[in-house]
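Subject: Structure for your files

Hello,

Here is the structure I said I would pass on. My notes on it follow below.

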Amino acid sequence: MRNIVKKTTLVSSLVLALSANSMYAQSFEWISSTEGNTWQKSKAKLQTNAAQTPILDVSGSEEGTVFKAWGTCFNELGWDALNILPRKEQETILHKLFSPEGELRFTMGRFSMNANDYARDWYSCDEVPGDFQLKYFNINRDKTTLIPFIKAAQQYNPNMTFWMSPWSPPSWMKINHYYSVRSDRNQNQMSPLSDVALFEGSKEKNTKVFPQQLAVNDYFIQDPRYLQTYANYFCKFIDAYKQQGIAISMVMFQNESWSYTNYPGCAWTAEGIIRFNTEYLAPTLKKQHPEIKLYLGTINTNRYDVIDQVLSDPRMPETIQGVGFQWEGGQILPKLRAKYPQYKYVQTENECGWGSFDWKAAEHTFGLMNHYLGNGCEEYTFWNAILYDGGFSGWGWKQNALIHVDSKAGTATYTPEYYAVQHYSHYITPGSKILAYKTGKEDKTPVLVVMTPQKKQVVIAGNFNEKAKDITVKLGNRYLNITLQPHSLNTFVEK
């Protein structure tokens, strides 16, 4: 009997020792990427002592934000780029982007209601002036471009979720009767005389904020009949896509209402935003589509006072469930989240650069992911996943994409940004908890620590400096001491 007790005690001690070892003496797979040498794998182990002062101290019990989804936008020019390639290459790309066993593992899609700046050209679902009954509403154009693109992705992930926003309402619903906000003799045919509506000749400018000058008018006609028709328009769009097997789960009233664009866009004042969302869009959605979430977005201004004016309206908590940020809006995300913790927060569009497709763009995107996830965003949406021949828009400028197609050669290149995204999205799966982060704003060394649903720790770190960087991250009572190569992207995954 005494021997049995001794054996039992020995086994228990061994189990405890093994448990402690698995908790505090983990080995990690280390994936590192530098320019021209991506996705290199090696090993790293936690140590009992810190090599230097830890830049993060993580116990593993932090409350954190539960991350829900990575996604991308479905645009017409992306569909065109994909179709340049041979069928086999198309399928390879779709698998890498959307399959649960792929490299990027996107589970969410965004698309535009009516044309955006990466449509081939301007169109809307109803360009018949005065059609308040929406008798001529249709998604015929989308059935030839966006819907086939989305369905191709659904073949690899049938459980994808989708959200949408307009760039511009139908032109007849706007005060200038045109799809853009401002004229541009090179990019559109809007009369320059219509530009007077934007600022009404005022001269106010503030170079520290974006936009430097605020629009003084809502470009959407603020007549009740127009506002209600537009709310009904949202619902007809949701219905039409549902009939195509694409269920929209979230909408935002406008893409970048603070970009006064020469491509499809619409300027709104704070008063107009409150009016449309609280008095028309939210009640109409609640009546016709109660399953749809309404988020305020997409916010691309760093004018805190403007967004605070909207969110502080007493009707807003009953109107929206969350807030979406992109571009300059990300600068005021931390302050707004601190004041309005009751909302969900999401990132809505990755910054797309100017068609450089270079390593600097990859580092920029890597840092953005650190910022938005570290500041409580549950979802992250990339802009174009794929473009061709310089990434030109339908209005003439260039932007980056994760995959770049050469139309003459019929080949695809995975850009540096693709690997920056893979360092995050391949390992931070839906249900992962963001435990801690350190911005790279001052020392160019962003770090993020995550716990996956399988209780595996993931450390993501970048070094955007010209020299190697030694860092230490404390995980429990052990230390990850590591040297990051110059201009490197790194992911450490608990084995």
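Strand β12 (residues 379-384) is largely enclosed by the rest of the structure, because six of its six residues are buried. Please keep in mind that this is a predicted model. Its neighbour in the pairing is strand β5 (residues 69-73), which runs parallel to β12 and is joined to β12 by five bridges. Within that pair, Trp70 stands opposite Tyr380 of β12.

β12 also turns up in the cavity results. There are three cavities of 30 Å³ or more in the structure, and the largest of them has a volume of about 70 Å³. With three residues, β12 gives the most to the lining of that largest cavity. The lining includes Phe382, Trp383 and Asn384; also part of the lining are Asn350, Glu351, Cys352, Asn400, Ala401, Leu402 and Glu417. By character, the lining residues divide into five nonpolar, three polar and two charged.

The other element I looked at is helix α3 (residues 87-98). Its twelve residues should span 16 Å at 1.5 Å a residue, and the C-alpha atoms at its ends are 16 Å apart, so the two values agree. Gln90, Ile93, Leu94, Leu97 and Phe98 are buried in α3. These residues cover an arc of only 100° around the axis, which means that they are on the same side of α3.

Regards

Methods. Residues are numbered from 1 along each chain as its sequence is written. This is a predicted model: local features need pLDDT of at least 70, side-chain atom pairs count only at pLDDT 80 or more; totals for chains, interfaces and linings use all residues. Side-chain values use heavy atoms; hydrogens and water are left out. Buried means under 20% relative accessible area, exposed over 50%, partly exposed in between (1.4 Å probe, protein chains only). Helices (H or I, at least four residues) and strands (E, at least two) are DSSP runs, numbered from the N terminus. Two strands pair if DSSP finds at least two bridges between them. On a 1 Å grid over the protein atoms alone, a cavity is a set of points where a 1.4 Å probe fits but cannot get out, and a pocket is an open set with protein on both sides within 12 Å along at least five of seven lines; lining residues have an atom within 4 Å of a point. Grid points are joined across faces, edges and corners, and a volume is the space filled by probe spheres set on the points. Ala, Val, Leu, Ile, Met, Phe, Trp, Tyr, Cys and Pro count as nonpolar, Asp, Glu, Lys and Arg as charged, and the others, Gly among them, as polar. The expected span of a helix is 1.5 Å times one less than its number of residues. The arc is that of the directions from the helix axis to the C-beta atoms.
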